[in-house]
Amino acid sequence: ARLVQQLCVDGDMVLTLVADDEDSGELAGIVAFSRMDVEVDGKVIASVALAPVAVVRHYRRQGVAEALIQAGLAHLGDAGAMLCFVLGDPAYYGRFGFSADWARGFASPYAGDYLMALPLQGGAMPCGVRGRADHAAAFAQLGQAQ
């Protein structure tokens with residue numbers, strides 16, 4: 001919750017989608033996408049980070065997270081975002097097309113097998129030497145004591 005709050009306060013939140021139960025009106029899940037600073041060949045590339053995604057326990061394994069993520073990716077692609085990054089389980093996010101191979105070569109404190117990217121413009125990856133991929137400042141505060 002603090003991450004979402006800080007992303008909003010800092011003006012880095014790009015898109016937030018929620019799912020609710022039509023019968024009860026209860027919140028079922030949320031996905032958020034925030035601004036990233038990404039460069040390829042020294043040029044800024046419109047990019048976002050997917051995080052967090054959360055689903056209320058009794059709505060899990062019903063496709064809520066999948067629907068939220070897919071809707072968000074489609075919306076952001078239509079809006080012109082080139083890349084989406086996520087830090088998470090490759091087995092889970094791989095089914096959406098995220099891959100560590102797409103993220104390799106970007107300088108990031110999160111670089112490694114769990115930092116994945118997904119090209120959003122028909123699978124086209126911006127050409128050139130990969131530079132940096134910086135998440136919004138709120139991510140750096142996650143591990144710090146509050």
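## A guided tour, starting at Gly 72

Gly 72 is buried, with a relative accessible area of 0%. Select this glycine before anything else. The model on screen is a predicted one.

**Stop 1: around Gly 72.** Gly 72 sits in helix α2. Show its contacts beyond four places in sequence: Leu 15, Leu 17 and Phe 33. For a sense of scale, draw a line from its C-alpha atom to that of Pro 109. The two are 25 Å apart, with their positions 37 residues apart along the chain.

**Stop 2: the largest nonpolar core.** Which members of the largest nonpolar core touch the most other members? Select Phe 33, Leu 50, Leu 73, Cys 84, Tyr 93 and Phe 98; the whole core has 25 residues. Now colour the elements that give two or more residues to this core: β1 (13-20), β2 (27-40), β4, α2, β5 and β6. Helix α2 gives the largest share, six residues. In soluble globular proteins, nonpolar side chains tend to be buried together.

Next, zoom in on Cys 84. Apart from neighbours within four places in sequence, Cys 84 is in contact with Phe 33, Val 48, Leu 50, Leu 73 and Phe 98. Its contacts also include Met 116, Ala 117, Leu 118 and Leu 120. A second, separate core has 22 residues, among them Val 4, Leu 7, Ala 117 and Met 125.

**Stop 3: strand β6.** Select residues 115-119. How many of the five residues of strand β6 are buried? Five of the five are, so the strand is largely enclosed by the rest of the structure. Turn on the side chains. Leu 115, Ala 117 and Pro 119 point one way, while Met 116 and Leu 118 point the other way. Both sets are buried.

Add strand β5, residues 83-87. It runs antiparallel to β6, and five bridges join the two. To find the register, look at Val 86: it stands opposite Met 116 in β6.

**Stop 4: the β1-β2 hairpin.** Move to β1 and β2. These strands pair in the antiparallel sense over seven bridges. Val 18 stands opposite Ile 30 in β2. Six residues lie between the strands of this hairpin, and Gly 25 takes a positive phi near 80°.

**Stop 5: three buried loop residues.** Start with Asp 12, in the loop between α1 (2-10) and β1. Is this aspartate buried or exposed? At 17% relative accessibility, Asp 12 counts as buried, because the cut-off is under 20%. Its contacts, leaving aside neighbours within four places, are Leu 7, Ser 34, Arg 35, Ala 136 and Ala 137.

Then select Ala 81, in the loop between α2 and β5. Ala 81 is buried at 8% relative accessibility. Not counting residues up to four places away, Ala 81 touches Ala 46, Leu 76, Leu 120 and Gln 121. Its C-alpha atom is 10.0 Å from that of Arg 35, though the two are 46 residues apart along the chain.

Finish this stop at His 135, in the loop between β7 (130-134) and α5 (137-140). His 135 is buried, at 16% relative accessible area. Beyond four places in sequence, His 135 touches Met 36, Ala 49, Tyr 110 and Leu 115.

**Stop 6: backbone oddities.** Most residues other than glycine have a negative phi, and most peptide bonds are trans. Three sites here deserve a look.

- Ala 51 and Pro 52 are joined by a cis peptide bond, with omega about -5°. Pro 52 lies in strand β4.
- Asp 41 is not a glycine, yet has a positive phi of about 55°. This aspartate is in the loop between β2 and β3 (43-44) and counts as partly exposed at 47% relative accessibility.
- Arg 61, also not a glycine, has a positive phi of about 65°. Arg 61 is in the loop between β4 and α2 and is exposed, with a relative accessible area of 87%.

**Stop 7: the largest pocket.** Keep Arg 61 selected. Which residues lie nearest the centre of the largest pocket? They are Arg 60, Arg 61, Ala 65, Tyr 92 and Arg 95, out of 13 lining residues. The pocket has a volume of about 300 Å³. Its lining divides into seven nonpolar, two polar and four charged residues. Colour β4 (47-55) and α2 (64-78) to end the tour: each supplies at least two residues of the lining.

Note on methods
Residues numbered from 1 in each chain as written. Predicted model: local features only at pLDDT ≥ 70, side-chain atom pairs only at ≥ 80, totals over all residues. Heavy atoms only, no water. Buried < 20%, exposed > 50% of the residue type's maximum accessible area, 1.4 Å probe, protein only. Helix = DSSP H or I, 4+ residues; strand = E, 2+ residues; numbered from the N terminus. Pairing = 2+ DSSP bridges. 1 Å grid on protein atoms, 1.4 Å probe; cavity = no way out; pocket = protein on both sides within 12 Å on 5 of 7 lines; lining within 4 Å. Points joined across faces, edges and corners; volume = space filled by probe spheres on them. Nonpolar A, V, L, I, M, F, W, Y, C, P; charged D, E, K, R; others polar. Contact = heavy atoms within 4.5 Å. Core = buried A, V, L, I, M, F, W, Y, C linked by side-chain atoms within 4.5 Å.
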